[in-house]
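Work through these exercises with the structure open beside you. Try each task before you read its solution.

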Amino acid sequence: MNLHSFNPFLSRRDFLDNTLYGLGLGALSHLLGIEGRTAEPDALAPRKPHFAPRAKNVIFLFQAGAPSQIDLFDPKPKLHEWNGQPLPESLAKQLQLAFIQPTAKVLASRRQFQPAGQSGIELSEWLPHTATIADELCLVRSVRGDSVNHHPGQALLMTGSPLPGRPTVGSWITYGLGSESRDLPGFVVLKTGSSTQGSTGNWTNGFLPSNYQGVLLRSEGDAILHLSNPAGVTSDVQRADLDLIRELNLEQLARTGDQEIAARIASYELAFRMQASAPSLIDVSDEPERMREMYGLNSDETRDYGMTCLLARRLIERGVRFVLNQHAQWDHHSNLDKGLSQKCRVTDKPVAALVKDLKQRGLLDETLVIWAGEFGRTSLAEWRNPSDPANIGRDHHADGFSVWMAGGGIKGGQVIGSTDELGLTVEDDPVHVHDLQATVLHCLGLDHERLTYRHAGRDFRLTDVGGTVVEPMLA
């Protein structure tokens, strides 16, 4: 406010607007961040956890569409005795099925399972590379969800609720811990495969500030769409434009106090820094040939997914807190043998390479790797074209599917929980999705009951109103 031009007839509203503008801008200027560019407190600055963590970062290998645990992780020899027969009515009526009827016939797995590693974890023949990292894995065979439909199941796994609109696990973790990367987002998303499943709802910030939303990174071309400057726009010109936009946003922020404006300022500045860092991230020409071969970059079948796994490691090295590596589509209602074997060929080698690579670089102890789908598949047959024997598949199954974790804070070389001999329901040590979420946060030094955000009149958390840390999983 200019006292030399003071107007004695200034209205109360105008006086407060002008005065608060100056005070607000002064306060914001006091909070200038790195490089003097961001005027709001840095929402992604590293923050201390609730207690000493074992893990610093997370790589979530999400297999959208629900892989069949019956054919990959949970051998059921007893199914061969029942193969082709319907279940007893007493068992069938307890099942929650999405498409098939309880009268469907039992479908035994045609896969051979072999003990792997010193731990002897039994894994399918379709996972020969995963077998080489068996002693790093904590395989949970008794995971329970609440829905047998894809979008609610994915929402539960990612947000703790089957209803849309809540923050995802990557957003919660970056909200709780910030990020150690200054030139990349704290939460990065990588995608391969195509499907209507696995939508942006899997990396939304929900009601958290937009600083914590996942940023989709492409593995070729422009790392992020529209990140590059158009022709004729130099870095200096762009910097001047951003400075002007920043000043205008600061004025609006001082007037309104709207934190989404602060998030907008921060995102513009991050994008400017990313223009230099993102291209070098996806340029893997500096990786030795043995590493490219290890991840399967020299094969048409494994190249795309292998690239995302390699990028996940490079992102973690650069301080990114949470990487969601999402691969679709594992939804094998039909052509199970053909479809599932193809997905395993695409993903098995790169996944094993990632875990081995992290370990040899000394990063596995501080990086939590998660492999999961939103639920599993039933041990009953789904046969959409009975005239074609190869058409047989499996329906959705949410009670007793398999998830594995490795790395920071997790005790490897063990199996937790079991399902009954027909793979219909959990028999020992049930682990709800909320329990998995609580355990993930615990490995990062976060108490799932204390990591909350006030919204719509109450404190929300990732684990909703449930969740217990699964102590046997911890190293």
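The exercises below cover salt bridges, cavities and one strand of this predicted model.

**Exercise 1. A salt bridge at the cut-off**

Task: Find the acidic partner of Lys56 and state how far apart the closest N and O atoms are.

Solution:
- Step 1. Look for the partner. Lys56 forms a salt bridge with Glu366.
- Step 2. Read the distance. The closest N and O atoms are 4.0 Å apart.
- Step 3. Place both residues. Lys56 sits in the loop between helix 1 (12–30) and strand 1 (57–64). Glu366 sits in the loop between helix 12 (336–360) and strand 8 (367–372). The two are 310 residues apart, and the pair links distant parts of the chain.
- Step 4. Check exposure. Lys56 has a relative accessible area of 30%, so Lys56 is partly exposed. Glu366 has 25% and is partly exposed too.
- Step 5. Set the pair in context. A search of the whole structure gives 26 salt bridges.

**Exercise 2. A bridge between two strands**

Task: Which strands hold Asp399 and Arg144?

Solution:
- Step 1. Start with the contact. Asp399 and Arg144 form a salt bridge, with the closest N and O atoms 2.7 Å apart.
- Step 2. Locate the residues. Asp399 is in strand 11 (residues 399–407), and Arg144 is in strand 4 (residues 137–144). The pair therefore ties together parts that are 255 residues apart in sequence.
- Step 3. Check exposure. Asp399 is partly exposed at 23% relative accessibility. Arg144 is partly exposed at 30%.

**Exercise 3. From a pair to a network**

Task: Is Arg314 buried or exposed? Do the same for Asp286, then list the network they belong to.

Solution:
- Step 1. Identify the bridge. Arg314 forms a salt bridge with Asp286 at 3.1 Å between the closest N and O atoms.
- Step 2. Locate the ends. Arg314 lies in helix 11 (residues 303–317). Asp286 lies in the loop between helix 9 (259–282) and helix 10 (289–294). The pair thus ties together parts 28 residues apart in sequence.
- Step 3. Apply the cut-offs. Buried means under 20%, and exposed means over 50%. Arg314 has 2%, so Arg314 is buried. Asp286 has 53%, so Asp286 is exposed.
- Step 4. Follow shared partners. Salt bridges join Asp286, Glu287, Arg313, Arg314, Glu317, Asp357 and Arg361 into one network.

**Exercise 4. Two cavities, two linings**

Task: How many cavities of 30 Å³ or more are there? Describe the linings of the largest and the second largest.

Solution:
- Step 1. Count. There are four cavities of 30 Å³ or more.
- Step 2. Take the largest. Its volume is about 120 Å³. It is lined by 14 residues, and Phe60, Leu157, Ile370, Gln437 and Val440 lie nearest its centre.
- Step 3. Ask which elements contribute. Strand 1, helix 7 (169–177), strand 8, strand 11 and helix 13 (433–443) each supply at least two lining residues. Helix 13 gives the most, with four.
- Step 4. Sort this lining by class. It has 13 nonpolar residues, one polar and no charged ones.
- Step 5. Take the second largest cavity. It holds about 50 Å³ of space. Its lining includes Asp71, Arg110, Arg111, Asp337 and Arg394.
- Step 6. Sort again. The second largest cavity has four nonpolar, one polar and five charged lining residues.

**Exercise 5. A covered strand and the loop after it**

Task: How many residues of strand 7 are buried? Name the strands that pair with strand 7.

Solution:
- Step 1. Count. Seven of the seven residues of strand 7 (322–328) are buried.
- Step 2. Separate the faces. In a regular strand, side chains alternate between the two faces of the sheet. One side of strand 7 has Phe322, Leu324, Gln326 and Ala328. The other has Val323, Asn325 and His327. Both faces are covered.
- Step 3. Find the neighbours. Strand 1 pairs with strand 7 in the parallel sense over seven bridges. Phe60 has Leu324 as its bridge partner. Strand 5 (residues 187–192) also pairs with strand 7 in the parallel sense, over six bridges. There, Thr192 stands opposite His327.
- Step 4. Move on to the loop between strand 7 and helix 12, where Asp331 lies. Asp331 has a relative accessible area of 16%, so Asp331 is buried.
- Step 5. List its side-chain contacts. A polar contact of 3.0 Å joins Asp331 to Arg377. Another, of 3.4 Å, joins Asp331 to His396.

Conventions. Residues are numbered from 1 along each chain as its sequence is written. This is a predicted model: local features need pLDDT of at least 70, side-chain atom pairs count only at pLDDT 80 or more; totals for chains, interfaces and linings use all residues. Side-chain values use heavy atoms; hydrogens and water are left out. A salt bridge is a side-chain nitrogen of Lys or Arg within 4 Å of a carboxyl oxygen of Asp or Glu. Buried means under 20% relative accessible area, exposed over 50%, partly exposed in between (1.4 Å probe, protein chains only). On a 1 Å grid over the protein atoms alone, a cavity is a set of points where a 1.4 Å probe fits but cannot get out, and a pocket is an open set with protein on both sides within 12 Å along at least five of seven lines; lining residues have an atom within 4 Å of a point. Grid points are joined across faces, edges and corners, and a volume is the space filled by probe spheres set on the points. Ala, Val, Leu, Ile, Met, Phe, Trp, Tyr, Cys and Pro count as nonpolar, Asp, Glu, Lys and Arg as charged, and the others, Gly among them, as polar. A polar contact is a pair of N or O atoms within 3.5 Å; within protein, one must be able to donate a hydrogen and the other to accept it, and residues adjacent in sequence count only if both atoms are side-chain atoms. Two strands pair if DSSP finds at least two bridges between them.
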